[in-house]
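Thanks for coming, everyone. I'll show you one protein today and walk through a few parts of it. Have a look at the screen first.

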Amino acid sequence: VAIQSLSELERVRLQEVAYNRLHQDYDLGCQITIPKDGQKRKKSLRRKLDSLAKEKNKDKENTPQAFAISLSQVIANDRTHRQRQEGQRLDPVSREEHKDSSDLVSSILQFATKRATKELSSSNSSLSSTSETANESTSPNTPEAAPRARRRGGMSVDSITDLDDNQSRLLEALQLSLPAETPSKKEKHRDKRLSLNPIYRQVPRVVDSCCQHLEKYGLQTVGIFRVGSSKKRVRQLREEFDRGVDVQLDEEHSVHDVAALLKEFLRDMPDPLLTKELYTAFINTMLMEPEDQQIATQLLVYLLPPCNSDTLHRLLEFLNTVAQHAHDAIDKDGHEVTGNKMTSINLATIFGPNLLHKQKSSDKEFSVQSSARAEESTAVIAVVQRMIATFEDLFMVSPDLQNEVLMSLLETDPDVVDYLLRRKASQSLTACSEESAATRFRYISSQTPCVVDITPRVMWRESAI
């Protein structure tokens, strides 16, 4: 299945399974860590002073909404922008009702917050925090939960908390911040807050808008991403996205300007899309046997935070489409169509350094190790080229990995596994409703291999399904 079809809880456990697989089965010659989305890096005294100075001047300048900020913050800003648009589309009566209900919720939350401990963090003050991943649970920039109508999967239960009626969400949210909690309890609470449904695709608005525009108007443009653009127009577009303006890219916008804007967004990300933590691991996959390179790369992609993974999928899908139009072709009417000349190797040469890089320590280091860096640059291009060519396979999760994910959940939350299997079985039955009963049984059995060798209790559940 596609990784986007897994529930939020399953995606977090998939990270752990992929991490264990990499350590047990593949030697990448470096330390591997699961990247944390929006993590707070250690700051020097100088950087702390600079941050304080920026905070003082925050009122004097607008905080960017899209460029040069963490990916999770961009997505949170986009969600706020989308909610504001939906509020503006409401008629005056509905808007007033919506405002009244919001005021009521706000007053309740305010009352509850006053009674809470002073340790209550802003990341835990939201009742609808089920879309937070393990990597985002303590970040103040965590996007709010997507509405259930926008989640893939029509089940009514959302998170483990919904399966447990003994505690309210508010009490649970308040308890999360108690300083006396042990790490294991925090981990358990974290899992309880993760959604049991697939989360809404986390792709920045600027990335999706640029990709859609270029797919519509730029696939036949020769030298796309190589030809220069208007710096003035690109700066104007950047400022509009940063102000939260509802930018509508159409045929009046230059293909080269939009292409430059997309490159600029990826280049200015504080942490590259493939993360600095996994830089060496991705590079070292090129030292492996050809048959192991793709599997190791796929496992490394599983380690990415969901927002990085979803954004990478959208970008690689677009780049793969561009590469398919690289060569001249004949259309259905017999006319020759000029290709854009941007093959996967050309695209990887342009995008590789933006997607996968590590911070340079100094110019001196760069000059001394220029030969080694040249080899790394070649490896970066090769890694990204392979990703573009095989992007569909990269984001598919094999049955044996799904099995490991459910087995790990079975040890801690058997009821959750029961719920997930019932949903998968329900979806399978719907997909093959026109098949015979015998065919249906074989199909469901093949889709839920994890329940065959577990325990009599779970085998009974399979018969119940």
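Let's start with helix H10. Its buried residues are Val255, His256, Asp257, Val258, Ala259, Ala260, Leu261, Leu262, Glu264, Phe265 and Leu266. That makes 11 of 13, so H10 is mostly covered; buried here means under 20% relative accessible area. Keep in mind that this is a predicted model.

What do the buried residues of H10 pack against? Five helices: H3, H8, H9, H13 and H14. In sequence, H3 is 71-89, H8 is 205-217, H9 is 231-242 and H14 is 344-355.

Now the length of H10. The helix runs over residues 255-267. At 1.5 Å a residue, it should span 18 Å. Its end C-alpha atoms are 18 Å apart, so the two agree. Look also at the start of H10. There, a side-chain oxygen of Ser254 comes to within 3.2 Å of the backbone nitrogen of His256.

Next, one of the partners, H13. This helix covers residues 306-324, which is 19 residues. From first C-alpha to last, H13 reaches 27 Å, close to the 27 Å expected. Is H13 enclosed or open? Of its 19 residues, 15 are buried, so the rest of the structure largely encloses H13.

On to the nonpolar core. The largest one has 93 residues. Which members touch the most others? They are Phe225, Leu262 and Phe351. Leu262 we have met already, among the buried residues of H10. Take Phe225 next. Beyond its close neighbours in sequence, within four places, Phe225 contacts Leu214, Ala259, Leu262, Lys263, Phe318, Leu347, Ile350 and Phe351. So two of the core's best-connected members, Leu262 and Phe351, are on the contact list of Phe225.

One more stop: Thr297, in helix H12, residues 290-302. Its relative accessibility is 1%, so Thr297 counts as buried. The Thr297 side chain makes two polar links. One goes to the backbone oxygen of Gln293, at 2.8 Å. The other is a polar contact of 2.6 Å with the side chain of Arg386. Leaving out residues up to four places away, Thr297 touches Phe282, Thr285, Arg386, Met387 and Leu394.

Finally, the whole protein. There are 21 helices and two strands. Of the 465 residues, 44% are buried. Take contacts between residues at least 6 apart in sequence: 77% of them join residues at least 24 apart. The accessible surface is about 25,200 Å², and carbon and sulfur atoms hold 51% of that.

How values were computed: Residues numbered from 1 in each chain as written. Predicted model: local features only at pLDDT ≥ 70, side-chain atom pairs only at ≥ 80, totals over all residues. Heavy atoms only, no water. Helix = DSSP H or I, 4+ residues; strand = E, 2+ residues; numbered from the N terminus. Expected span 1.5 Å × (residues − 1). Buried < 20%, exposed > 50% of the residue type's maximum accessible area, 1.4 Å probe, protein only. Polar contact = N/O pair within 3.5 Å; in protein donor to acceptor, adjacent residues only side chain to side chain. Contact = heavy atoms within 4.5 Å. Core = buried A, V, L, I, M, F, W, Y, C linked by side-chain atoms within 4.5 Å. Areas by Shrake-Rupley, 256 points an atom, 1.4 Å probe, with all protein chains shown as cover.
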